[in-house]
Amino acid sequence: MMVAERMRAVLRWATGQGGSPAEIEAGVELARRRTLALPSILTPYGSGFGPGLNGSGLPKPTQANLRRFAETPVVRRAINVIKDRIVAMDWQVRVRRGVAAGEVGYLQRKLKALRRTLEEPNATDSFRTLLEQAIEDALTGGYGAIEMEATGDPMQPAQLWPVDGATIRVNATWDGTADSPRYLQVMPGQMPDPISGQAVPLRDDQLIYLRMNPRSFTPFGLGPLEVAFETVNEFLSAHRFAGKLAANSVVQYALWLNEATPAQHERVIRWWQDEIEGTGRVPLISTEQKPEVLRFAQGTDADLRLAWQQFLIRMVANAFGLPPLLLGLEGDVNRSTAAELADEAFRGAIEPLAKLIAEHITRDLFSKCVGWREFEFVFNDLSARDEDTELAIQVQLLAAGVYTVNEVRAMRGLGPIPNEGTGNREQGTGAVSDGALVVSHP
């Protein structure tokens with residue numbers, strides 16, 4: 001390849017119009033990306049009064065301001081508590097409930113292909129980095145988005161790319177057909193005009209769109225940071241005020257010399273600075289009148305509005321569904337309540353978002369994009385109780401014949417034992433596969 005061709009290949013890769021430079025050079029391109037990577041670079045953050053400010057100078061909850069607020073310490077801590085816990089979970093791809101493993105053709109090959117699709121979604125991302133970007137957008141503005149394109153390769157049936165969810169417009173009048181576009185990526189500063197090529201239409205099987213707090217009167221979601229926007233703005237104002245007050249502190253005492261001439265005043269200042277200040281000596285003053293010491297108002301924690309700042313931090317924690325303990329407020333926490341608060345954070349903030357992601361991967365990627373509806377994606381840690389309690393329950397269910405060894409191994413993300421029950425057992429009204437096959441994330 002010539003240098004100019006290499007540069008064009010890198011440019012196409014950076015703008016999402018082709019594969020990686022190595023793939024382009026080799027002439028291999030599994031799937032072509034349709035959306036634009038990093039569109040926010042075209043609209044950098046501004047400063048001062050502008051589109052993100054109203055007439056009084058208070059910021060509006062625009063996308064730029066939401067992402068700027070997401071970089072402040074308190075909000076960043078809340079986002080990382082949820083995001084890092086989800087991406088660190090163990091996960092698996094398994095046969096969906098109600099589907100017998102023997103009825104699925106090329107089962108092992110399909111499981112490995114789906115696992116490879118998630119572990120290597122594209123040439124640059126891993127499963128963790130891909131999911132982190134989608135969760136970040138979901139918590140910031142309620143619009144986590146991932147593009148998916150079918151490749152036709154049985155070893156990697158699809159490729160995934162993170163998408164700036166702020167550029168996605170939802171078609172509220174979508175008719176539900178597979179061929180009509182449900183989403184539209186609009187570039188910054190442009191109007192939706194698919195005819196002129198200024199927007200990218202996307203079908204339902206080409207985009208995973210995570211909506212936080214879905215509502216009936218709008219096609220868009222509502223992110224926790226949008227709920228806490230005004231609270232974060234007030235916290236930043238109080239924090240700046242406290243910082244300026246602490247940095248501009250003054251001496252709390254002053255010495256008043258009554259009826260002193262300017263020359264005497266200057267002489268006392270020079271004597272104090274040269275002989276007394278910083279030396280630790282006892283100052284001796286002999287004057288006709290006793291100097292008077294004036295005491296200024298002493299600064300306290302109340303002047304810093306610390307109680308108000310703590311209240312605002314609690315409001316931010318409430319918006320994200322987290323206990324204030326996880327955002328640094330530990331004054332009202334003891335050993336007996338810490339474990340309960342940590343469990344509340346998992347059940348109230350982490351588990352709902354993790355289940356939402358798992359459902360979208362199962363429905364959108366596996367069923368709509370790839371077409372393999374017999375598989376599902378699950379996080380292994382969502383249904384985990386205390387390890388001792390979980391072990392005791394599984395042992396009792398095994399002894400009672402409710403579960404087989406392979407079913408318990410599937411719950412723990414382990415593969416089946418070949419000679420341990422391969423038939424189906426009727427349980428209630430549905431058939432459950434004894435030999436449920438899974439592929440676990442190591």
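Q: Leaving aside neighbours within four places in sequence, which residues is Asp 204 in contact with?
A: In this predicted model, Asp 204 lies in the loop between strand E6 (199–202) and E7. Setting aside the neighbours within four places in sequence, the residues in contact with Asp 204 are Met 148, Trp 174, Arg 182, Tyr 183 and Lys 368.

Q: Is Asp 204 buried or exposed?
A: The cut-off for a buried residue is a relative accessible area under 20%. The relative accessible area of Asp 204 is 8%, so Asp 204 is buried.

Q: Which side chains does a polar contact join to that of Asp 204, and at what distances?
A: One polar contact, of 2.8 Å, links the side chain of Asp 204 to that of Arg 182. Another links the side chain of Asp 204 to that of Lys 368, at 2.7 Å. The partners are therefore Arg 182 at 2.8 Å and Lys 368 at 2.7 Å.

Q: What is the order of the open sheet that contains E4, E5 and E6, and which strands are its edges?
A: The sheet has 3 strands with antiparallel pairing, in the order E4-E5-E6. Each edge strand pairs on one side only; the edge strands are strand E4 (168–170) and E6.

Q: By how much are neighbouring strands of the E4-E5-E6 sheet turned against each other on average?
A: This open sheet is made of 3 strands. With direction ignored, the average turn between its neighbouring strands is 25°.

Q: Which residue in E6 is the bridge partner of Tyr 183?
A: Strand E5 (residues 183–186) and E6 run antiparallel and are joined by 4 bridges. Within E6, the bridge partner of Tyr 183 is Leu 202.

Q: Why is one side of E3 and of E7 left without a neighbour in the sheet?
A: The strands form an open antiparallel sheet in the order E3-E2-E7. E3 and E7 stand at the edges, so one side of each lacks a neighbour, and the reason is that each has a single partner strand.

Q: What is the average twist from one strand to the next in the E3-E2-E7 sheet?
A: The sheet has 3 strands, with antiparallel pairing. From one strand to the next, the twist averages 25°.

Q: Over how many bridges do E2 and E7 pair, and which residue in E7 is the bridge partner of Gly 144?
A: E2 and E7 pair in the antiparallel sense over 5 bridges. The bridge partner of Gly 144 in E7 is Leu 210.

Q: Which helix packs on this sheet, and what angle does its direction make with that of E2?
A: The helix touches E2, E3 and E7. It is helix H6 (residues 127–141), whose direction makes about 150° with that of E2.

Q: Through how many residues does a hairpin join E2 to E3?
A: Strand E2 (residues 143–153) and E3 pair in the antiparallel sense over 7 bridges. Within this pairing, the bridge partner of Met 148 is Leu 160 in E3. The hairpin from E2 to E3 passes through 2 residues.

Q: How many residues of E3 are buried?
A: Strand E3 (residues 156–163) is mostly covered. The number of buried residues is 8 of 8.

Q: What span should helix H8 have, and how far apart are its end C-alpha atoms?
A: Helix H8 (residues 229–247) has 19 residues. At 1.5 Å a residue, H8 should span 27 Å. The end C-alpha atoms agree with this, being 27 Å apart.

Q: What covers the buried residues of H8?
A: The buried residues of H8 are Phe 229, Thr 231, Val 232, Asn 233, Phe 235, Leu 236, Ala 238 and Ala 242. Their cover includes helix H3 (63–69), helix H4 (73–87), helix H7 (224–227) and helix H10 (306–320).

Q: What is the phi of Tyr 106, and is Tyr 106 buried or exposed?
A: Most residues other than glycine have a negative phi. Tyr 106, in the loop between strand E1 (91–95) and helix H5 (107–119), has a positive phi of about 50°. With 63% relative accessibility, Tyr 106 counts as exposed.

Q: What is the relative accessible area of Asn 213?
A: Asn 213 lies in the loop between strand E7 (207–211) and H7. Its phi is positive, near 50°. Asn 213 is partly exposed, and its relative accessible area is 42%.

Note on methods:
Residues numbered from 1 in each chain as written. Predicted model: local features only at pLDDT ≥ 70, side-chain atom pairs only at ≥ 80, totals over all residues. Heavy atoms only, no water. Expected span 1.5 Å × (residues − 1). Buried < 20%, exposed > 50% of the residue type's maximum accessible area, 1.4 Å probe, protein only. Contact = heavy atoms within 4.5 Å. Pairing = 2+ DSSP bridges. Axes fitted to C-alpha atoms, helices over the stretch in contact; angles between N-to-C directions. Polar contact = N/O pair within 3.5 Å; in protein donor to acceptor, adjacent residues only side chain to side chain.
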